[in-house]
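This report covers two topics: a nonpolar surface patch and the salt bridges.

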Amino acid sequence: MKSKRLLSTICLFLFMVVLWYKQTSDFVHLQPLYNRFLSINSNIYSPNSIEAHVLFFTYPFLMFVKNTATPSHAAATVRYLMRGAKYQKDVLNAFYAVLIFVTIHLFILSGYNLFYLGSVFLKDVSFVQILLCEFLGLVFYYFSLALLYIAIKTILNSDILSYSFVFFIVTLTFFFNKLVMQELYTPIRDLANIVLLLVASGDMYSIVTIYLRQITIVVVLLVFGWNMFQRKDYLKNDSI
């Protein structure tokens with residue numbers, strides 16, 4: 001199992017390295033440096049854009065959550081029955097996967113920023129502060145995706161269907177927001193808002209407001225997933 005987790009992590013790292021290189025190579029000669037900085041970190045074609053997080057990273061992330069989770073056997077499920085420990089374990093494993101995923105993403109982002117912009121420029125724009133703020137925003141966002149995946153998997157009992165359903169929800173929300181109702185708030189928009197606020201205005205009040213919204217979504221999904229798991233336990237007990 002450890003070797004599978006390690007292999008999944010290595011594959012994820014290589015995937016992100018290649019994607020970042022491919023998507024940022026057109027920005028390396030932009031002048032002045034601040035325009036290059038904006039393009040690398042918030043351009044529509046950047047791997048740090050809302051489009052990338054929705055269209056490129058959703059499916060790999062969900063697969064990574066699944067591949068790094070502790071396998072669940074029938075005997076274990078019975079042992080955890082009606083105690084909620086199984087759900088708590090799934091949530092904790094998903095949170096670890098989120099931390100790894102976001103850390104790899106931001107590590108590669110930092111590497112490309114350092115390579116293309118230099119340490120002096122990054123210090124001038126308070127890049128470390130930007131990185132820490134974005135870390136929190138991405139953790140909340142991807143944790144909410146993982147919780148939604150866990151809840152749906154509890155209902156559908158299928159990894160493939162659960163991947164596809166979450167991806168469908170995320171992409172449908174994204175395109176509806178982008179093409180139909182651009183002013184409508186959706187959780188996906190917060191991804192772009194954090195980056196734009198950080199690199200443009202540094203408005204920490206607005207960023208904290210985004211965090212509060214994200215935390216609310218996480219709590220709602222935790223409760224929803226817990227209820228789905230308890231209902232599944234009830235149905236199992238009813239059939240035993």
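Helix α9 gives the most to the nonpolar patch on the surface of this predicted model, with 3 residues. The patch is formed by Leu55, Phe56, Phe175, Phe176, Leu179, Val180, Met181 and Leu184. Together these residues have about 730 Å² of accessible area. The elements that give two or more residues to the patch are α3 (50-56) and α9. Leu184 sits in the loop between α9 and α10 (189-201). With a relative accessibility of 35%, Leu184 counts as partly exposed, because partly exposed covers the range between 20% and 50%.

**Salt bridges**

The count of salt bridges in the model is 3. The table gives each pair with its N to O distance.

| Pair | N to O distance |
|---|---|
| Asp159 and Lys66 | 4.0 Å |
| Asp159 and Lys153 | 3.0 Å |
| Lys86 and Asp90 | 2.6 Å |

Lys66, Lys153 and Asp159 are linked in a network of salt bridges. Asp159 meets Lys66 in a salt bridge at 4.0 Å. Asp159 lies in helix α9 (residues 159-179) and Lys66 lies in helix α4 (residues 58-67), so this pair ties together parts that are 93 residues apart in sequence. The side chain of Asp159 also meets that of Lys153 in a salt bridge, at 3.0 Å.

How do the residues of this network stand in terms of accessibility, buried or partly exposed? Asp159 has a relative accessibility of 19% and counts as buried, because the cut-off for buried is under 20%. Lys66, at 28% relative accessibility, counts as partly exposed. Lys153 is partly exposed as well, with a relative accessible area of 32%.

The salt bridge between Lys86 and Asp90 has its closest N and O atoms 2.6 Å apart. Both residues belong to helix α6 (residues 85-117), where Lys86 and Asp90 are 4 residues apart, so about one helical turn separates them. Lys86 counts as buried, at 11% relative accessibility. Asp90 counts as partly exposed, at 21% relative accessibility.

Helix α9 thus appears under both topics. Asp159 of α9 pairs with Lys66 of α4, and α9 gives 3 residues to the nonpolar patch.

How values were computed:
Residues are numbered from 1 along each chain as its sequence is written. This is a predicted model: local features need pLDDT of at least 70, side-chain atom pairs count only at pLDDT 80 or more; totals for chains, interfaces and linings use all residues. Side-chain values use heavy atoms; hydrogens and water are left out. Buried means under 20% relative accessible area, exposed over 50%, partly exposed in between (1.4 Å probe, protein chains only). Patches are made of residues with over 30% relative accessible area and no salt bridge: like charges are joined within 9 Å, nonpolar side chains (Val, Leu, Ile, Met, Phe, Trp, Tyr) within 5 Å. Accessible areas come from the Shrake-Rupley method with a 1.4 Å probe; for residues, only the protein chains shown count as cover.
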